[in-house]
Amino acid sequence: EGGRALCAYFVHSFYLGEQLVNHISNINILTTKIGLLDNLRDYCKRRSLKLSTFFPETYKIDEKSERDKFFSLSQEGGADIWICKPTGMNQGKGIFLVRDLAHFRSELEEHDKAVLAGRRSKVAS
């Protein structure tokens, strides 16, 4: 009874037409692709399940070991098309298709050099 009355109080205390927003702590572990991937990998490891039976093949390209695995398993010049979703963007922003792995690899290397150069300049100043 008390819980229902308290809930009714909070629902009626909002003005009509305004948005009611809930906040769940650490929800990004499920609502971001990286968070979901990490948790599903952990779950499958604990349960001895194979992730690829229900989740598309996914790599974290910004991590060297995963990037190396991606390029070693992918065939240069193959017919594969990959979807790349940058971290920290939502609603489809920044998503692009990767058709040319050699070009993608060179773009990643250039990006890494730029990031490293930026870090060096910040350390020097």
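Here is a walk through the model, from its core out to its charged pairs and surface. Keep in mind that the structure is predicted.

Let's start inside. In soluble globular proteins, nonpolar side chains tend to be buried together. Here the largest nonpolar core is made of 10 residues: Tyr59, Ile61, Phe70, Phe71, Trp82, Cys84, Val98, Leu101, Phe104 and Leu108. Helix H4, strand E1 and helix H5 (101-124) each put at least two residues into this core, and H5 gives the most, with three. Another core, of five residues, lies apart from it; Leu37, Cys44, Leu51 and Phe55 are among its members.

Now for the rings. Seven aromatic pairs turn up in the model. One of them joins tyrosine 59 and tryptophan 82, with 5.9 Å from centre to centre and 65° between the planes. What makes that pair edge-to-face? An angle over 60 degrees between the planes earns that label, and this pair has 65°. The two partners come from distant parts of the chain, 23 residues apart: tyrosine 59 is in the loop between helix H3 (33-47) and helix H4 (64-73), while tryptophan 82 is in strand E1 (residues 82-84). Both tyrosine 59 and tryptophan 82 are buried.

Zoom out a little and the pair turns out to belong to a cluster, in which ring pairs link Tyr59, Phe70, Phe71, Trp82, Phe96 and Phe104. Phenylalanine 71 has a charged companion too: arginine 105 lies over the face of its ring, at 4.1 Å from the ring centre.

On to the salt bridges, of which the structure holds seven. A good one to pick first is aspartate 112 with arginine 67, whose closest N and O atoms are 2.5 Å apart. This pair also links distant parts of the chain, since aspartate 112 sits in helix H5 and arginine 67 in helix H4, 45 residues apart. The two ends differ in cover: arginine 67 has a relative accessible area of 14%, so it is buried, whereas aspartate 112 counts as partly exposed because its relative accessibility is 32%.

Lysine 60 and glutamate 63 form another bridge, and here the closest N and O atoms are 3.4 Å apart. Which side of this bridge is buried? Lysine 60 is, because its relative accessible area is 8%; glutamate 63, at 34% relative accessibility, counts as partly exposed. These two residues don't stand alone, either: a network of salt bridges links Asp38, Lys60 and Glu63.

For a bridge within a single helix, look at aspartate 42 and arginine 46. Their closest N and O atoms are 2.9 Å apart, and both residues lie in helix H3, four residues apart, or about one turn of the helix. Arginine 46 has a relative accessible area of 66% and is therefore exposed, while aspartate 42 reaches 32% and so counts as partly exposed.

Finally, the surface. Nonpolar side chains show up here as well: Ile24, Ile27, Ile29 and Leu30 form a surface patch, with about 350 Å² of accessible area together. To place one of its members, leucine 30 lies in helix H2 (residues 28-31).

How values were computed: Residues are numbered from 1 along each chain as its sequence is written. This is a predicted model: local features need pLDDT of at least 70, side-chain atom pairs count only at pLDDT 80 or more; totals for chains, interfaces and linings use all residues. Side-chain values use heavy atoms; hydrogens and water are left out. Patches are made of residues with over 30% relative accessible area and no salt bridge: like charges are joined within 9 Å, nonpolar side chains (Val, Leu, Ile, Met, Phe, Trp, Tyr) within 5 Å. Accessible areas come from the Shrake-Rupley method with a 1.4 Å probe; for residues, only the protein chains shown count as cover. A salt bridge is a side-chain nitrogen of Lys or Arg within 4 Å of a carboxyl oxygen of Asp or Glu. Rings of Phe, Tyr and Trp (its six-membered ring) pair if their centres lie within 6.5 Å; planes under 30 degrees apart count as stacked, over 60 as edge-to-face and the rest as tilted. Buried means under 20% relative accessible area, exposed over 50%, partly exposed in between (1.4 Å probe, protein chains only). A charge sits over a ring if NZ of Lys or CZ of Arg is within 6 Å of the ring centre and within 35 degrees of the ring normal. A nonpolar core is a set of buried Ala, Val, Leu, Ile, Met, Phe, Trp, Tyr and Cys residues joined through side-chain atoms within 4.5 Å.
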